[in-house]
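Thanks for sharing this one. Here are my notes, set out as numbered points so that you can follow along in the viewer.

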Amino acid sequence: MSGRDLFCPPRRIRRGAALTLVFASVLATGAATGSFTASDEKSSSHSARTATVGSTASADSGGRQEDVSEAAAEAMADGKSPVEAAERAVSRSGDRWGAVYSEGEYEEFEEALDGAYTGVGLWALREHDGRIAVARVRDGSPAEAAGIRKGDRLRSVDGKRVDGRPVTEVVALLRGDATGAAAGTAVSLGLERGKRAWTETVRRARLSTESVTVRELGGDVTVIKVAAFTKGSGELVRAAVAGTPAGARIVLDLRGNSGGLVTEAVTAASAFLDGGLVATYDVRGDQRALHAEPGGDTSRPLVALVDGGTMSAAELLTGALQDRGRAVVVGSRTFGKGSVQMPSRLPDGSVAELTVGHYRTPSGRSVDGSGLSPDLEVEEGVLERAETVLSGLGDPT
């Protein structure tokens, strides 16, 4: 696979909602969006990603791609929407997770994988009563400059009430996906804090995602949280491991990680493995392999945290660490998304993605549709249980 290859979450919700679905754990006014990318000039001509599929990939995927391209070309010739025609062709193909994106949408996807997005810098959270709360405000963001705080209620965006809406729709409104809003455009936010209700106008800005964060717990435990595998996240994981204090144990938190660039996941695996196999995959029957680089830290006790939101590239990394006995996996069963899709440009510049294969863990396990079972099933108090497991793994040697 190439450096732009990726594993991303499913995208059956179209347009604005689809554009905000991807890294659900980083819902920073659309901190990352949808699914991504076409090719990498530095590597092979193939670019692939994974998604859960209802029908397995087969040798006729090339024929399906031709059908989709022809449908788009015919629509263009007739003065109709090539994107809509391509979507109908994908639907007829039976490829459950095949998708079509306009040129602009795909550009947004690629920007998101580069670790950048346009927004105001607040994280949205839907509470039990359906109301939308501000879960976090990014330092140095337009939202912070406007005095918005964690815990404030978000009542409306540009006059549209947000109570009861899915968070993905709220994020789409904040980003201005429907209008293709750029950095510098204004957005009006209806807010509430206690008994005070007011309207604040802020301007969107180009912001970077925080894909990897590190924090220290008591008892010499370092938690490395990977929210998504955006560009550079693998090296950030390696740097975090290298900077972990001597004698410290590591928790690799992959909960809610919905995927990203596969090469970044392999680089992250290289932080914990001394070379060797990370995964195998096939593209139209052609068998290939992904290997870690030598020299990773193999002695430090390691626990990986997973849940139902752990998808794609994060599952690939989890499977490698689990199969090779490098980590104890704690949490709940992962999502189960391990099919390979390949994007290609259509005549109008839009992009179609069709399933062409699937990947397996080092021991040969298929993730697709079934996910990965943790070594220790835990629903609540996951981090506390991880600390207990680490305490029994011994000291680094």
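1. Let me begin with a residue at the surface side of things: Arg-88 is found in helix α3, which covers residues 82–93. With a relative accessible area of 47%, Arg-88 counts as partly exposed, because it falls between the 20% limit for buried and the 50% limit for exposed. Arg-88 and Val-100 are twelve residues apart in sequence, and their C-alpha atoms are 9.5 Å apart in space. Please keep in mind throughout that this is a predicted model.

2. Now the overall picture. The protein chain comes to ten helices and 22 strands. Of its 397 residues, 54% are buried. Taking the contacts in the chain with a separation of 6 or more, 72% are between residues 24 or more positions apart.

3. Which residues touch the most other members of the largest nonpolar core? They are Phe-229, Leu-252, Phe-272 and Leu-316, in a core of 41 residues. Helix α9 (residues 313–323) gives the most to this core, with six residues. There is also a second, separate core of 21 residues, and Val-157, Val-170, Leu-189 and Val-202 are among its members. As a general background, nonpolar side chains tend to be buried together in soluble globular proteins.

4. Leu-302 is a good residue to click on next. Leu-302 lies in strand β18 and counts as buried, at 2% relative accessibility. Leaving aside neighbours within four places in sequence, Leu-302 is in contact with Ile-250, Leu-252, Phe-272, Leu-321, Arg-326, Ala-327, Val-328, Leu-390 and Leu-393. Two of these names, Leu-252 and Phe-272, also appeared in the point on the largest core. Leu-302 and Val-221 are 81 residues apart in sequence, yet 9.8 Å apart in space, C-alpha to C-alpha.

5. Next, the packing of α8 and α9. These helices pack at an angle of about 25 degrees, with axes 9 Å apart. Because an angle under 35 degrees counts as roughly parallel, α8 is roughly parallel to α9. The crossing of α8 past α9 is right-handed. On the α8 side the contact is made by Val-262, Ala-265, Val-266, Ala-268 and Ala-269, and on the α9 side by Ala-313, Leu-316 and Leu-317. What kinds of residue make up this contact? Eight are nonpolar, with no polar and no charged residues.

6. The other face-to-face pair to look at is α7 (residues 233–242) with α8 (residues 262–270), where the angle is about 15 degrees and the axes are 7 Å apart. That makes α7 roughly parallel to α8, and α7 passes α8 in a right-handed crossing. From α7 come Ser-233, Gly-234, Glu-235, Val-237 and Arg-238, while α8 supplies Glu-264, Thr-267, Ala-268 and Ser-270. The contact divides into two nonpolar, four polar and three charged residues. For comparison, the contact of α8 with α9 has eight nonpolar residues and no charged ones.

7. Staying with α9, Gln-322 is found in this helix. Is Gln-322 buried or exposed? It is buried, because its relative accessible area of 13% is under the 20% limit. Not counting residues up to four places away in sequence, Gln-322 touches Ala-327, Val-329, Arg-365, Leu-372, Ser-373, Pro-374 and Asp-375.

8. Helix α6 (residues 167–175) is mostly covered, with eight of its nine residues buried. The buried ones are Val-167, Thr-168, Val-170, Val-171, Ala-172, Leu-173, Leu-174 and Arg-175. One of them, Val-170, also belongs to the second core. After α6 comes Gly-176, which has a positive phi, near 75 degrees.

9. Finally, two backbone spots to check. Asp-158 has a phi near 50 degrees, a positive value in a residue other than glycine, and is found in the loop between β7 (153–157) and β8 (160–161). Ser-312 likewise has a positive phi, near 50 degrees, and is not a glycine; Ser-312 lies in the loop between β18 (302–306) and α9. Their surroundings can be set side by side: Asp-158 is partly exposed, with a relative accessible area of 40%, whereas Ser-312 is buried, at 0%.

Definitions and conventions. Residues are numbered from 1 along each chain as its sequence is written. This is a predicted model: local features need pLDDT of at least 70, side-chain atom pairs count only at pLDDT 80 or more; totals for chains, interfaces and linings use all residues. Side-chain values use heavy atoms; hydrogens and water are left out. Axes are lines fitted to C-alpha atoms, for helices over the stretch in contact, and angles run from 0 to 180 degrees between N-to-C directions. Helices (H or I, at least four residues) and strands (E, at least two) are DSSP runs, numbered from the N terminus. Angles under 35 degrees count as roughly parallel, over 145 as roughly antiparallel, 65 to 115 as roughly perpendicular and the rest as oblique. A crossing is left-handed if the near helix is turned anticlockwise from the far one by less than a right angle, and right-handed if clockwise. Contact means heavy atoms within 4.5 Å. Ala, Val, Leu, Ile, Met, Phe, Trp, Tyr, Cys and Pro count as nonpolar, Asp, Glu, Lys and Arg as charged, and the others, Gly among them, as polar. Buried means under 20% relative accessible area, exposed over 50%, partly exposed in between (1.4 Å probe, protein chains only). A nonpolar core is a set of buried Ala, Val, Leu, Ile, Met, Phe, Trp, Tyr and Cys residues joined through side-chain atoms within 4.5 Å.
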